[in-house]
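Dear colleague,

I am passing on the structure we spoke about, with the sequence alongside, and my notes on its strands and its main pocket follow below. Please keep both open as you read.

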Amino acid sequence: QVQLVESGGGLVQTGGSLRLSCAASGRSLSSYRWGWFRQAPGKERELVAAIERNGFNTYYRDSVKGRFTISRDNAGNAAYLQMNSLLPEDTAVYYCVAVWPSGVYALNAMAQEGEQHWGKGTLVTVSS
C-alpha cells in the first residue's frame with residue numbers, strides 16, 4: 001500500500017522560506033507524476049506545482065511562479081517544494097499527490113487522473 005507523508009510545514013514570516021518534503025513508502029513511484037496542492041480555509045483545493053516523471057517538465061500556478069520550485073528524486077521515493085518569498089496568501093494546508101499518468105491529461109490536469117495517492121497534508125502559515 002502506497003503512503004505519502006508530508007513534512008516541513010510551519011509558521012514563517014512574510015518573505016521567509018520553507019521546504020516541504022513528501023516521502024513515499026510502499027513501492028517506487030518513479031513513473032508517476034507528482035504534485036503539490038493546497039487548500040486555504042474556506043477555499044477550494046488548488047494545484048500549486050507539478051512535475052512530470054521525467055523530472056524536467058513542470059507546472060506552476062501563476063501566483064507562485066518565480067517563488068516556488070518543485071523537484072523529485074529519481075528513485076521515485078520523494079518530492080519537494082521549495083517555497084521562497086512567502087506571502088500571507090500562501091497560508092494553507094499543503095498536500096502531496098502522486099498520480100499515474102494515463103497519457104490523456106495535461107500535467108496541470110493531473111487531478112483528473114484515475115490512480116491518485118495523497119498525503120494527509122502539512123500546514124503552512126505565513127504571518128504578515
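Strand β9 (residues 92-99) is mostly covered, with seven of its eight residues buried; please bear in mind throughout that this is a predicted model. β9 pairs with β4 in the antiparallel sense over seven bridges, and within that pairing phenylalanine 37 stands opposite tyrosine 95, while glutamine 39 has valine 93 as its bridge partner. Valine 93 is also the bridge partner of leucine 123 in β11, a strand of residues 122-127 that runs antiparallel to β9 and is joined to it by three bridges. Three bridges likewise join β9 to the antiparallel strand β10 (residues 116-118), where tryptophan 118 is the partner of valine 97.

Turning to β4 (residues 33-39), six of its seven residues are buried, so this strand is largely enclosed by the rest of the structure. Besides its pairing with β9, β4 is joined by five bridges to β5 (residues 46-51), again in the antiparallel sense, and tryptophan 34 has isoleucine 51 as its bridge partner there. The hairpin of β4 and β5 has six residues between the strands, and in it glycine 42 takes a positive phi near 75°.

As for pockets, the largest one has a volume of about 170 Å³. It is lined by 13 residues, of which Arg38, Lys43, Glu46, Glu89 and Asp90 are the closest to its centre, and by class the lining comprises seven charged, three polar and three nonpolar residues.

With best wishes

Methods. Residues numbered from 1 in each chain as written. Predicted model: local features only at pLDDT ≥ 70, side-chain atom pairs only at ≥ 80, totals over all residues. Heavy atoms only, no water. Buried < 20%, exposed > 50% of the residue type's maximum accessible area, 1.4 Å probe, protein only. Helix = DSSP H or I, 4+ residues; strand = E, 2+ residues; numbered from the N terminus. Pairing = 2+ DSSP bridges. 1 Å grid on protein atoms, 1.4 Å probe; cavity = no way out; pocket = protein on both sides within 12 Å on 5 of 7 lines; lining within 4 Å. Points joined across faces, edges and corners; volume = space filled by probe spheres on them. Nonpolar A, V, L, I, M, F, W, Y, C, P; charged D, E, K, R; others polar.
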